[in-house]
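Here are my notes on the model, point by point. Please read them with the coordinates open.

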Amino acid sequence: MDAVEAYVRDLFAIEDAALTRIRERHAALGLPEIYVSPEEGKLLHVLLRAVGARRVLEIGSLGGYSGVWLARALPDDGELISIESDPKHATAARNAFEAAGVAKNVTLLEGNAAELLPTLEPPFDAVFVDADKEPMATYFHEAMRLLAPGGLLLGDNGLLEGRVADPADGAADVEGVRAFNRLTASDPRLSATLVPIRDGLVVGVKTRA
Ligand code: SAH
Ligand code: DHB
Ligand code: MG
């Protein structure tokens, strides 16, 4: 981590013991350490607060790290629905939500996002897409169906380590991210940008009707 990143983290994105513990659990359980950074987690939190989000969807819980940043932005009666297909990750995430004191506001749906998303009903105030990358165009369309007017479309890994900008890279994951980025950038229902934080956070706001 460079000095500027550390400066921002130490000033704006300080973890409490629960968040630090979640990262330590990933290492102890052998979960991939691919959660959002504290700065990105704080950005997600601030964006939810900016729109007064009450009902939020996350696709890709892993061990609950981003979910805790999201859930802590909600009001007392707010709800985070978080989807996770890997049973080991889902268990770790449930434990993390308990330990962080947000379990009453979180519903973890265990299963494949492709199957679960069509069962959900709008409205959501924000959707955070952070699961497998190949189906991201499908996740885009589901998120747009679920989002309320004024809702936030959030997508992680918009840069895919810079691979999106390498024309020689045509792998399925990078094509999935490119499709998500193109759809988000060009959809007339959205005002959007790609924030170059960590691996890139795509942020779009859906037009108010
Ligand atoms: N949002 C997390 C990181 C998610 S990593 C954080 O920042 O803390 C991506 C997660 O998506 C992994 O846990 C993986 O198991 C899950 N995943 C991958 N494909 C999926 C699918 N099709 N449906 C549901 N979850 C999926
Ligand atoms: C990977 C996936 C992510 O969602 C992420 O934020 C970082 C890395 C990966 O699959 O390597
Ligand atoms: Mg990610």
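1. Start with ligand 2. One of its oxygen atoms is 2.9 Å from an N or O atom in the side chain of Asp-156. Taken alone, ligand 2 exposes 290 Å², and the protein buries 60% of that. Keep in mind throughout that this is a predicted model.

2. Two further polar contacts hold for ligand 2. The side chain of Lys-133 places an N or O atom 3.2 Å from an oxygen atom of the ligand. Ile-34 takes part through its backbone: an N or O atom there lies 3.3 Å from an oxygen atom of ligand 2.

3. Which residues make up the surroundings of ligand 2? They are Ile-34, Asp-130, Lys-133, Asp-156, Asn-157 and Arg-198. By class, this shell has 4 charged residues, 1 polar and 1 nonpolar.

4. Now the site itself. Ligand 2 occupies the largest pocket. Ligand 1 also sits in the largest pocket. Asp-130 is listed around ligand 2, and Asp-130 is also among the residues that come nearest to ligand 1. Please check this residue in the viewer.

5. Ligand 1 has 22 residues around it. Those that come nearest are Gly-60, Ser-66, Glu-84, His-89 and Asp-130. The shell divides into 10 nonpolar, 7 polar and 5 charged residues.

6. Polar contacts to nitrogen atoms of ligand 1 come from both backbone and side chain. A polar backbone atom of Gly-60 is 2.8 Å from a nitrogen atom of the ligand. For Ala-113, a backbone N or O atom lies 2.9 Å from a nitrogen atom of ligand 1. The side chain of Asp-130 has an N or O atom 2.8 Å from a nitrogen atom of ligand 1.

7. How much of ligand 1 does the protein bury? Taken alone, ligand 1 exposes 590 Å², of which the protein buries 90%. Two elements give two or more residues to its shell: helix 4 (65-71) and strand 2 (79-84).

8. Finally, the salt bridges. The count comes to 14. One of them joins Arg-54 to Asp-77, with the closest N and O atoms 2.8 Å apart. This pair links distant parts of the chain, 23 residues apart. Arg-54 lies in the loop between helix 3 (38-51) and strand 1 (55-59). Asp-77 lies in the loop between helix 4 and strand 2, the two elements named above for the shell of ligand 1.

Note on methods
Residues numbered from 1 in each chain as written. Chains lettered and ligands numbered in written order. Predicted model: local features only at pLDDT ≥ 70, side-chain atom pairs only at ≥ 80, totals over all residues. Heavy atoms only, no water. Near = heavy atom within 4 Å. Polar contact = N/O pair within 3.5 Å; in protein donor to acceptor, adjacent residues only side chain to side chain. Areas by Shrake-Rupley, 256 points an atom, 1.4 Å probe, with all protein chains shown as cover. 1 Å grid on protein atoms, 1.4 Å probe; cavity = no way out; pocket = protein on both sides within 12 Å on 5 of 7 lines; lining within 4 Å. Sits in = over half its atoms within 2 Å of the grid points. Helix = DSSP H or I, 4+ residues; strand = E, 2+ residues; numbered from the N terminus. Nonpolar A, V, L, I, M, F, W, Y, C, P; charged D, E, K, R; others polar. Salt bridge = Lys/Arg side-chain N within 4 Å of Asp/Glu carboxyl O.
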